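Work through the exercises below with the structure in view. Try each task before reading its solution.

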Amino acid sequence: LGIDFTLLNHRMNGSVDVYNKNTTDLIGYMPVNPFSGYATIVGNMGDLNNKGIEISLRTLNLSMNGFSWYTTLVMAYNENKVTNLQLQSPIATGDQKVTRQFLTDFPAFSVFAYRYAGLDILGDPQVYLSDESVSKMPNITMPEDIDYLGTFQPPWSGGLSNTFGYKGFEVSVNMVYNLGHVIRRPVNTFFTGRLALTNPLAEFADRWKEPGDENHTSIPSFVSNRSLSSSRRSIEYYYNGDLNVINASYVKVRDITFAYSLPKEISNRLKAEHIRLRMQVSNLMLWKANDYGIDPEFIGTMPVNQGTFTLGLNVAF
């Protein structure tokens, strides 16, 4: 259901749309009888419901003496849920559930995590179970021990742009926002094996090293013997734990553009119909919910500044 509107002698126009859509026969990998010679086939594996609202508004705020100012606001909210899913096999353990992105009665791209309980006196990661007991034993968790923490997809998204023009000059500022979603923080996953063969993240230096360190660090100890490490603990309790699922909300300046169109008489002298010079700065972070310097759009192993600067020339003959 939607409505389009124009007000104030066309100085304000916009639209509002709401939807509730059921999608059936999602494409995915379906389990088949192993005697067929295949483990899975591509087939119709589930259903999904999407509902939400989209709002768009454009206004002419000022127009006088060759100066103009336009504003455009876009806002959207989406809520979805997987209503049916034919899995290759039932989710029987917590280890299986924590890696799933799609489960019945949960949003698409869900994030599940262990309930991290810190380190023990050996620096091994521990988790809370559903009965509130604490354990570090590998493969002990069940589906009910795993928490749902959100979705990778932002429920709220949109943007705000302002464009200012004066004769041949134009300045536009375009901001975007994504709110309400989460991401897994990139963490060190090297805690056993040969140190000379890897280059761990800087946080490796803050790991547990001696008894008592468990009181001030959540980063597990390094155990060089792989067999010993895997038999007494599960490092996944740490890097798939809830402590490393962080808020991915952010507001960013997508671009600031300065442009100048040469007067028509100058373009004609240069045998051109139109000449436009452009300078643009892109991807400047205004605010982010996480405290790790992570840009959720460019999630990686290190905090990265994705800002760019561009010069452009457009000539039409």
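**Exercise 1.** Find where Ser 224 is located, and list its contacts beyond its neighbours within four places in sequence.

Solution. This model is predicted. Step one: find Ser 224 in the loop between strand E12 (182-184) and helix H2 (226-232). Step two: leave aside the neighbours within four places in sequence; Ser 224 is then in contact with Thr 192 and Gly 193. Step three: turn to Asn 290. Ser 224 and Asn 290 are 66 residues apart in sequence, and their C-alpha atoms are 32 Å apart in space.

**Exercise 2.** Place Leu 8 and Asn 283, give the phi of each, and decide whether each is buried or exposed.

Solution. Start with Leu 8. Leu 8 sits in the loop between strand E1 (2-7) and strand E2 (12-31). Its phi is positive, about 55 degrees, although Leu 8 is not a glycine. Its relative accessibility is 61%. Exposed means over 50%, so Leu 8 counts as exposed.

Now take Asn 283. Asn 283 belongs to strand E15. Its phi is also positive, near 60 degrees, and the residue is not a glycine. The relative accessible area of Asn 283 is 14%. Buried means under 20%, so Asn 283 is buried.

**Exercise 3.** Which residues make the nonpolar surface patch of about 410 Å², and how accessible is Met 279?

Solution. First, name the members: Phe 258, Met 279, Phe 309 and Leu 311 make the patch. Next, locate Met 279 in strand E15 (residues 274-288). Last, check its accessibility. Met 279 has a relative accessible area of 31%. That value lies between the 20% and 50% cut-offs, so Met 279 is partly exposed.

Notes: Residues numbered from 1 in each chain as written. Predicted model: local features only at pLDDT ≥ 70, side-chain atom pairs only at ≥ 80, totals over all residues. Heavy atoms only, no water. Patch = residues over 30% accessible without salt bridge, like charges linked within 9 Å, V, L, I, M, F, W, Y side chains within 5 Å. Areas by Shrake-Rupley, 256 points an atom, 1.4 Å probe, with all protein chains shown as cover. Salt bridge = Lys/Arg side-chain N within 4 Å of Asp/Glu carboxyl O. Helix = DSSP H or I, 4+ residues; strand = E, 2+ residues; numbered from the N terminus. Buried < 20%, exposed > 50% of the residue type's maximum accessible area, 1.4 Å probe, protein only. Contact = heavy atoms within 4.5 Å.
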